[in-house]
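Please read this note with the structure open beside you. Take one point at a time.

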Protein chains: 2
Amino acid sequence: MQAQKSLYSYRIEPQEVDFTLRATIPALGSAVLNTAGTDAHGKGFGVDALNADNHSWVLSRIAFEFDSRPAQYADYTVATWISDYGRVLSTRNFVLSDAEGHEFGRAVSQWAMIDLASRAAVDLSWVGDAHADAIVDVPPPAAMPRKIRAVEPSVVCEHKVVYSDIDFNRHVNTMRYIEMMLDMLPVERLTSEAPVRLDVHFLRECRLGQTLTVGAEFRDEGALFEIGSGEGAVAVRAAVEWK
Amino acid sequence: MQAQKSLYSYRIEPQEVDFTLRATIPALGSAVLNTAGTDAHGKGFGVDALNADNHSWVLSRIAFEFDSRPAQYADYTVATWISDYGRVLSTRNFVLSDAEGHEFGRAVSQWAMIDLASRAAVDLSWVGDAHADAIVDVPPPAAMPRKIRAVEPSVVCEHKVVYSDIDFNRHVNTMRYIEMMLDMLPVERLTSEAPVRLDVHFLRECRLGQTLTVGAEFRDEGALFEIGSGEGAVAVRAAVEWK
């Protein structure tokens, strides 16, 4: 039987909107990541199942595109499917649609599997074999996440990692990184109605108690970001662009 | 017809747990506040309906009690009811129960209605009359939120208010205040299995761009907190205690 995209339903809750009464970029991003976790869990290869084998999924890169941000209480769906298992990275895709079925956003993510003891990447070939029936033969709905090269920040701020930043792995959670970076932009930018694309590249995990530097290089229609975790180590790079 | 408590169903999602794989206090608190918003919205006196009359609900005080923190993917329900409309404050109550119906938490909140132009409190008597049928004659499930007197912080840190801190009213959102305060405690405390009670008193709204001071006075089995918004103004006071 040919695998199908899986559909998950959500509603924009009051705590997910900004003062324009539309969902924030991190709120939509959080729904996308939540969908990935729920879908993997439901299909038997979620983090909880992998942990039993001392393995875990780690997000390597993700690109989000939001053409518009839905209003408070709007119902929407996220369709998700895995299009490919490479040796190192698997590709999971997302399409966001409003209650009328109109597509308003999409995301493409690439995940590695690591061994929790060695923190090294695990060859994914066996997963591709074991879960071949979970692969849907539909290409990613947007350009693959872009590689982001050196960033030249004009503004840098510090962030000490606290309890509310960390996830079940004791690492800073993905959406907190995105919030830290976007928070460096003017509010007028973040509340704009223009379509936006956000590419994020995760290079190194950050831990409780570390002091991070968050640098921003401003461009005409967006910005580049780099989060450092000390002594020149780059933890995250990202690029955001409004159309 | 006698009004009944309203029931809302939730599940502990992966992004809501810490490394003990149980829901964080802010995650449970967020579900409680989300329930308040959803219930008021559904009954026609939510913030969205009030805004049409240039009014809004403002949370004045809240007390949470969590006997335990449910595990990832656990289903639970939040029952909510309004027990009283005073002239200035209405009382909304919450009981959290696990899938077997066992109560593991409760909350009592007091809300004022403000005029958005003057930011002054509105006499609630008319709401009590108009929505008398929404009152459920069941007393609050826990002691009312406590008044918290002067706090003598031994540690103070600063927090600049950014976009991801603010809500649809352009004020710092309730759960962010709670996160800022709890983040000053040792992680061993926050991940403890002991029953916890948290009382929070909101005195003044904080806005984008303000630099807040977060002070903590540590006690044997908990702490007192005070958030200041400059020049001696106190924005929030809180007390947390583990049993």
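The points below cover the contact between the chains, then the domains of chain A.

1. Start with the status of the model. It is predicted. Keep that in mind for every point that follows.

2. How many residues of chain B are in contact with chain A? The number is 25. On the other side, 26 residues of chain A take part.

3. Now look at the helices of chain B. Three of them, α1 (25-42), α4 (174-182) and α5 (187-190), each supply at least two residues of the side that touches chain A. Which element gives the largest share of that side? It is α1(B), with four residues.

4. Next, sort the residues by class. On the side of chain B that touches chain A, 13 are nonpolar. Seven are polar and five are charged.

5. Turn to chain A alone. Domain 1 of chain A spans 1-145, and domain 2 of chain A spans 146-243. How far apart do their C-alpha centres lie? The separation is 20 Å. In the contact between these domains, domain 1 of chain A provides 19 residues and domain 2 of chain A provides 17.

6. Find the elements on the domain 1 side of chain A. Both α1 (25-42) and β2 (55-66) of chain A supply at least two residues of the side that touches domain 2 of chain A. The strand β2(A) gives the most, with nine residues.

7. Finish with the classes on that side. Where domain 1 of chain A touches domain 2 of chain A, its side has nine nonpolar residues. Another six are polar, and four are charged.

Technical notes:
Residues numbered from 1 in each chain as written. Chains lettered and ligands numbered in written order. Predicted model: local features only at pLDDT ≥ 70, side-chain atom pairs only at ≥ 80, totals over all residues. Contact = placed C-beta atoms within 7 Å. Nonpolar A, V, L, I, M, F, W, Y, C, P; charged D, E, K, R; others polar. Domains from an automatic or database assignment.
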